[in-house]
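Open the model in your viewer and keep the selection tool at hand. Each stop below tells you what to select and what is there.

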Amino acid sequence: MSGGGVLQIVKESQQQHGLRHGDFQRYRGYCSRRLRRLRKTLNFKMGNRHKFTGKKVTEEILSDNRYLLLILMDAERAWSYAMQLKQEANTEPRKRFHLLSRLRKAVKHAEELERLCESNRVDAKTKLEAQAYMAYLTGMLRFEHQEWKAAMEAFNKCKTIYEKLANAFTEEQAVLYNQRVEEISPNIRYCAYNIGDQSAMNELMQMRLRSGGTEGLLAEKLEALITQTRAKQAATMSEVEWRGRTVPVKIDKVRIFLLGLADNEAAIAQAENEETKERLFESLLSECRDAIQAVREELKPDQKQREHSLENDSGKVSNIQYLHSYLTYIKLSTAIKRNESMAKSLQKALLQQQRSDEDGKRSPRPQDLIRLYDIILQNLVELTQLPGLEEDKNFQKEIGLKTLVYKAYRCFFIAQSYVLVKKWSEALVLYERVLKYAREVQSGAGAHRNSLKELPDVQELITQVNAEKYSLQAAAILDANDPHETESPSQVKDGKPLSERFETFCLDPSLVSKQVSLVHFPPGFQPIPCKPLFFDLALNHVAFPPLEDKVEQKAKSGLTGYIKGIFGFKS
């Protein structure tokens, strides 16, 4: 085949045209357009606009590899349409019939491809790949029909061929084959489970923990199977005990969640990498939110009863409220663990960055860790306010100690961010605060040491802070003694023009810029002598003549004088 093997062509086409994001409709459109181009290039048209003429690819015309590509694209188009319908069938069940029809069509095209590849003109590698492709699509069809034995046989055949091909070629080529083997392995185990192999369930659970999880047809089936298994166990579960109080659990969704909690936590602990761990944390938090929502719906009608019980029962909360507190505790504790896990991976990234300063993508900073520890501390505050636990002194003390631990770590990274901007005194004060928090944790731990085991080790933090303090003091002394570091910034900050700093040498890049500062312009004001002042001293000794007679004469004129004044007559 031109451009590589069957699997390589399929994978490259899928990745470049929509399947990277699960967009089957886009990929189907691409397959149709490519088919049209191929038919036009090969002059292999199915008639014209007026009449359809069915043509078949035969062995005689296989001189051009593109005829095989034509059939492969036909199969891919039918398969991608089936997968699109698979997504839509969740809300529209009738589309399942159309889905099965498209899968049958895809298998039919794959059969034709396999038959044509039996020709002597096709190399051995392509023959094997065509057989594996046919087996893969057959397995998919049988899997959808729930014919587990036939599906398992087809998938096993596909797996065997790809494993042989992987062993026969270089490592680079083998990667693609091994990926396909990993993709179909969960399907094989799921078929085995349905045939009656109980050990297959454990293997499926392990496959779920791998980095990519399970995809395609199997993902939702596996999740449904796990939920179904838990639902069967939930039928026997009637109550749960937490912090010395037993409460009945009547809501099925909550039962299923609590039964799966231990498995989910174990899965997170066994996760192979950070990406898988993050995915499992998100899944657990999502399930927990659903369970809390179910309890909230029960709480609404129970509100009045709860208030009544609070009056009669000396502040003891109702069972349903206590269950709500328990689930909220699980949610907040899981969120804290997730953020702590993210913080650990960020710390590793920071250490690696210090060892090898790499350019390129944005590197982590201490500020990112401060944000994570802020969220953790907020979660701890919410834990202390849970209804029903206000009087639990041990719980409050435990949360108090945890808060101190995370405050110490947050303070440490705030100090680290000050070190980056060379604020030595502030960093030193913060390091002392870290030591204060850490010593408080050590002195107050006592009976709560078991609950602190899961938390970051404060002794390790104390050792690290002591080491950082010495290096910080050394850096501060070196910084103070460095003339270039101390003098040149001060001169630039002064903003003095060149005319006032001839005595000091400084490499000032602003002198060659357009806004150069040479002198003060406009020049400042200068003091000059002012005009003499004259004071009239004689005026104080002058006696003015009396004016009383003139004032009286004016007063006598009265109203007549006023009228004359209006009409313009002189007095």
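Select R180 and E183: both lie in helix 7, 3 residues apart, about one turn of the helix. Helices here are DSSP runs of H or I with at least four residues, strands are runs of E with at least two, and both are numbered from the N terminus. The two side chains form a salt bridge, with the closest N and O atoms 3.3 Å apart. The term salt bridge asks for a side-chain nitrogen of Lys or Arg within 4 Å of a carboxyl oxygen of Asp or Glu.

A word on the source: this is a predicted model, where local features need pLDDT of at least 70, side-chain atom pairs count only at pLDDT 80 or more, and totals for chains, interfaces and linings use all residues. Residues are numbered from 1 along each chain as its sequence is written, and side-chain values use heavy atoms, with hydrogens and water left out.

Is R180 buried or exposed? R180 is buried, with a relative accessible area of 4%. E183 counts as partly exposed, at 33% relative accessibility. The cut-offs: buried is under 20% relative accessible area, exposed is over 50%, and partly exposed is in between (1.4 Å probe, protein chains only). Now add K11 to the selection. K11, R180 and E183 are linked in a network of salt bridges.

**Next stop: K95**

Select K95, E88 and E92. K95 forms a salt bridge with E88, the closest N and O atoms being 2.7 Å apart. K95 also forms one with E92, at 3.5 Å between the closest N and O atoms. K95 is partly exposed at 24% relative accessibility. E88 is partly exposed too, with a relative accessible area of 24%, and E92 is partly exposed at 39%. A search of the whole structure finds 14 salt bridges.

**Two helices to trace**

Select residues 66–88, which make up helix 3. Helix 3 has 23 residues and reaches 33 Å from its first C-alpha to its last, close to the 33 Å expected at 1.5 Å a residue. That expected span is 1.5 Å times one less than the number of residues. Of the 23 residues of helix 3, 18 are buried, so this helix is largely enclosed by the rest of the structure.

Move to helix 6, residues 148–168. Helix 6 has 21 residues and spans 30 Å from its first C-alpha to its last, close to the 30 Å expected. Its buried residues are W148, A151, M152, A154, F155, C158, I161, Y162, L165 and A166. What covers them? The cover includes helix 1 (6–16), helix 5 and helix 7.

**Into helix 5**

Select L141 in helix 5 (residues 124–144). L141 is buried, with a relative accessible area of 5%. Which residues does L141 touch, not counting those up to four places away in sequence? They are L100, L103, R104 and V107. A contact means heavy atoms within 4.5 Å. Measure from L141 to L99, C-alpha to C-alpha: the two are 9.7 Å apart in space and 42 residues apart in sequence.

**Aromatic pairs**

Rings of Phe, Tyr and Trp (its six-membered ring) pair if their centres lie within 6.5 Å; planes under 30 degrees apart count as stacked, over 60 as edge-to-face and the rest as tilted. By this rule there are 17 aromatic pairs. Select F143 and Y190, a tilted pair at 5.7 Å centre to centre with 40 degrees between the planes. This pair links distant parts of the chain: F143 sits in helix 5 and Y190 in helix 7 (residues 171–195), 47 residues apart. Both F143 and Y190 are buried.

Jump to Y373 and Y406, another tilted pair, at 6.1 Å centre to centre and 35 degrees between the planes. Y373 lies in helix 13 (residues 366–384) and Y406 in helix 14 (residues 393–420), so the pair ties together parts 33 residues apart in sequence. Both Y373 and Y406 are buried. Extend the selection: ring pairs link Y373, Y406, Y409, F412, F413 and Y431 into a cluster.

**Zoom out**

Show the whole chain. There are 19 helices and 2 strands. Of the 571 residues, 39% count as buried. Among contacts between residues at least 6 apart in sequence, 65% join residues at least 24 apart.
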